[in-house]
Amino acid sequence: MATATVSPPVQSHENEYVLLHGVRWSTYEALLEDMGDRHIRLTYDNGSLEIMTLSPRHEWSKKLIGRMIEAMTEELNIPIRSGGSTTFKKELKKKGLEPDECYWVASEPSVRGRADLEIELDPPPDIAVEVEISTSALNRLGIYAALGVSEIWRSDGHQIMIERLQEDGTYASVAQSPSFPWLPLAELGRFLGESATMGETRWIRSFRAWVRAEVAPLASEFEDRRE
């Protein structure tokens with residue numbers, strides 16, 4: 001019988017985690033079921049299991065980014081499917097995790113309105129949001145790659161960087177979002193910075209006004225050029 005080993009608990013900035021090695025897949029699945037909706041993130045990579053608690057700052061940052069994506073797509077009438085922090089796992093690859101937020105964009109028609117998604121069979125999200133206020137001990141990008149997530153929005157709480165999945169199974173930084181190629185990413189960082197002083201309601205209203213005034217024409221011009 002395999003014996004799990006435990007690395008000492010680590011506090012990385014604001015989040016705390018414990019890393020266990022030699023953990024069976026069945027144990028990981030049992031923990032997922034037993035933990036339910038508790039404020040804990042489980043990341044599994046070929047026998048190593050990270051259990052991380054999430055700080056209020058981490059959760060606030062990921063919620064702000066999610067609100068911007070959702071407000072923008074609503075204003076521009078872009079169909080999306082929200083996945084939140086759904087657990088994505090593949091037993092054959094022995095990998096699993098929960099993104100901070102995730103969205104189906106190009107593949108939205110395949111999952112529209114469905115409550116019975118089969119993670120092993122249905123398309124993975126097109127976008128996963130990864131807030132990196134605290135660094136994971138495991139290679140979460142490697143897990144995302146194994147799961148086939150094509151676009152990662154990485155944020156330190158102040159700015160947003162985009163990583164795109166390459167043919168060799170690694171991610172590379174890109175200047176624009178593949179899902180929203182007309183989107184000025186630097187402005188998203190500016191809005192993240194303003195959220196602390198404006199209050200969320202005024203802030204999201206300001207963001208929506210910016211989308212209507214500045215982003216909508218860019219998106220329309222981009223689509224005209226494609227035609």
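Which residue in S9 does Arg81 stand opposite? I shall answer that in a moment, after a word about the model as a whole.

Good morning. The structure shown above is a predicted model. Its chain contains six helices and 13 strands. Taken along the principal axes, the C-alpha atoms fill a box of roughly 60 × 40 × 30 Å. For 227 residues, a compact globule would have a radius of gyration near 17 Å, and the 18 Å found for this chain agrees with that.

Let us turn to the sheet. Strands of a sheet pair through backbone hydrogen bonds, and they may do so parallel or antiparallel. Here, six strands make an open sheet with mixed pairing, in the order S6-S9-S10-S11-S12-S13. Strand S6, residues 81-82, and strand S13 stand at the edges, and each has a single partner strand, so one side of each is left without a neighbour in the sheet.

At the S6 edge, two bridges join S6 to strand S9, residues 101-104, and these strands run antiparallel. This brings us back to the opening question: the residue opposite Arg81 is Trp104 in S9.

At the other edge, strand S12, residues 160-165, runs antiparallel to strand S13, residues 171-174, and four bridges join them. One pair to find on your screen is Arg164 with its bridge partner in S13, Ala172. S12 and S13 form a hairpin with five residues between them. In the turn, please look at Gly169, which has a positive phi of about 85 degrees.

A helix also belongs to this picture. Helix H4, residues 140-147, lies across four strands: S10 (127-131), S11 (151-155), S12 and S13. The helix runs at about 170 degrees to S10.

My last topic is the interior space. How many cavities of 30 Å³ or more does a search of the whole structure find? The search finds one. The largest cavity has a volume of about 40 Å³. Which helix gives the largest share of its lining? That is helix H2, residues 56-75, which contributes four residues. The residues lining this cavity are Ile65, Met68, Ile69, Met72, Trp153, Ile160, Leu183, Leu188 and Phe207. By character, nine residues of the lining are nonpolar, and there are no polar and no charged residues among them.

To close, I would ask you to keep two views in mind: the open sheet of six strands, with S6 and S13 at its edges, and the largest cavity, with its lining of nine nonpolar residues. Thank you for your attention.

Note on methods. Residues are numbered from 1 along each chain as its sequence is written. This is a predicted model: local features need pLDDT of at least 70, side-chain atom pairs count only at pLDDT 80 or more; totals for chains, interfaces and linings use all residues. Side-chain values use heavy atoms; hydrogens and water are left out. Two strands pair if DSSP finds at least two bridges between them. Contact means heavy atoms within 4.5 Å. Axes are lines fitted to C-alpha atoms, for helices over the stretch in contact, and angles run from 0 to 180 degrees between N-to-C directions. On a 1 Å grid over the protein atoms alone, a cavity is a set of points where a 1.4 Å probe fits but cannot get out, and a pocket is an open set with protein on both sides within 12 Å along at least five of seven lines; lining residues have an atom within 4 Å of a point. Grid points are joined across faces, edges and corners, and a volume is the space filled by probe spheres set on the points. Ala, Val, Leu, Ile, Met, Phe, Trp, Tyr, Cys and Pro count as nonpolar, Asp, Glu, Lys and Arg as charged, and the others, Gly among them, as polar. The radius of gyration is taken over C-alpha atoms; the globule rule is 2.2 Å times the number of residues to the power 0.38.
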